[in-house]
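Here is a short report on one protein chain. Keep the structure open as you read.

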Amino acid sequence: FVFLPIFNLFLNLFNHRTNVDLYSKLMVFDLSILKENLRVTSMLVMLETVKNLMRRNSQKGEWTKVYIDEFHELLGIPVVANYVLSQWKEAAKYLGMMNGITQNMTDLVNNSPDSAKLTGIIGNTQYFALFHQSATDISLLQKFVPAISPAMFHYVEGAEPGMGLLKFGSITIPFDMKIRKESDLYKYVNSDDIKKLDE
């Protein structure tokens with residue numbers, strides 16, 4: 001009985017009206033400072049909120065674009081991975097575009113004990129932008145994205161910043177979008193030094 005108030009407090013944590021403007025054009029969910037005991041619940045609340053927004057926007061004929069950075073973290077938790085896979089498959093039906101961002105294919109595979117979920121997500125993805133990849137990551141990508149020929153992966157092994165591969169459906173093309181460091185645009189797209197954006 002001593003723990004009952006704490007347990008109720010935990011259950012009520014997400015049972016309040018939000019102070020977030022759910023009608024804003026841009027919403028950002030930052031889970032980086034959450035403690036481990038709240039991460040799973042927070043991820044599920046976030047994904048459910050995104051799904052509801054997607055459905056609401058689709059009723060108005062509006063597309064919803066979802067960008068998930070450090071995507072591999074969501075696939076490392078089975079209950080969250082199941083939810084992500086379900087949402088990934090249903091997104092287009094509700095005019096949604098799901099985008100997962102991660103640096104290494106090995107992170108995705110290592111954090112996905114059930115590779116069928118990762119295969120399901122990749123199989124329901126029509127667009128890939130691949131930048132520099134290590135030889136290890138390329139060998140994993142060849143397994144999960146067999147539609148890209150081995151010769152094309154030459155463009156991402158040791159690729160310079162701004163170069164890589166784009167895959168649209170069945171079409172794969174190399175790209176070179178390097179930007180001169182002296183240009184004004186460079187300081188806005190360069191992520192090496194975030195402090196420059198504040199100057």
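## An exposed helix residue

Gln59 counts as exposed, because its relative accessibility is 70% and the cut-off for exposed is over 50%. Gln59 belongs to helix 2. Its C-alpha lies 9.2 Å from that of Leu95, and the two residues are 36 apart in sequence. Bear in mind that this is a predicted model.

## The nonpolar core

The largest nonpolar core holds 37 residues. Which of them touch the most other members? They are Phe71, Leu74, Leu75, Val84, Met105 and Leu130.

Several elements give two or more residues to this core. Among them are helix 2 (36–59), strand 1 (64–69), helix 5 (105–110) and helix 7. Helix 4 gives the largest share, with 6 residues.

## Phe71 and its partner

Is Phe71 buried or exposed? Phe71 is buried, because its relative accessibility is 4% and buried means under 20%. Leaving out residues up to four places away in sequence, Phe71 touches Val84, Trp88, Gly100, Ile101, Thr102, Leu108 and Ile121.

The whole structure has 3 aromatic pairs. In one of them, the ring centres of Phe71 and Trp88 are 5.1 Å apart. Their planes meet at 40°, so this pair is tilted. Phe71 sits in the loop between strand 1 and helix 3, while Trp88 sits in helix 4. The pair therefore ties together parts that are 17 residues apart in sequence. Trp88 is buried too, at 7% relative accessible area.

## A pair at the surface

The rings of Tyr127 and Phe168 also have centres 5.1 Å apart. Their planes are at 40°, so this pair is tilted. Tyr127 is in strand 3 and Phe168 is in strand 4 (residues 163–168). The pair links distant parts of the chain, 41 residues apart.

Tyr127 is partly exposed, at 40% relative accessible area. Phe168 is partly exposed as well, at 43%. Tyr127 and Phe168 join Ile171 and Ile173 in a nonpolar surface patch of about 380 Å². Ile171 belongs to strand 5 (residues 171–176). With a relative accessible area of 51%, Ile171 is exposed.

## A buried loop residue

Where does Gln133 lie? Gln133 is in the loop between strand 3 (127–130) and helix 7 (135–144). Gln133 counts as buried, because its relative accessibility is 8%. Apart from neighbours within four places in sequence, its contacts are Gln103, Met105, Ile138, Leu141, Val156, Glu157 and Gly158. One of these, Met105, is also in the largest nonpolar core.

Terms used:
Residues are numbered from 1 along each chain as its sequence is written. This is a predicted model: local features need pLDDT of at least 70, side-chain atom pairs count only at pLDDT 80 or more; totals for chains, interfaces and linings use all residues. Side-chain values use heavy atoms; hydrogens and water are left out. Helices (H or I, at least four residues) and strands (E, at least two) are DSSP runs, numbered from the N terminus. Buried means under 20% relative accessible area, exposed over 50%, partly exposed in between (1.4 Å probe, protein chains only). Contact means heavy atoms within 4.5 Å. Patches are made of residues with over 30% relative accessible area and no salt bridge: like charges are joined within 9 Å, nonpolar side chains (Val, Leu, Ile, Met, Phe, Trp, Tyr) within 5 Å. Accessible areas come from the Shrake-Rupley method with a 1.4 Å probe; for residues, only the protein chains shown count as cover. A salt bridge is a side-chain nitrogen of Lys or Arg within 4 Å of a carboxyl oxygen of Asp or Glu. A nonpolar core is a set of buried Ala, Val, Leu, Ile, Met, Phe, Trp, Tyr and Cys residues joined through side-chain atoms within 4.5 Å. Rings of Phe, Tyr and Trp (its six-membered ring) pair if their centres lie within 6.5 Å; planes under 30 degrees apart count as stacked, over 60 as edge-to-face and the rest as tilted.
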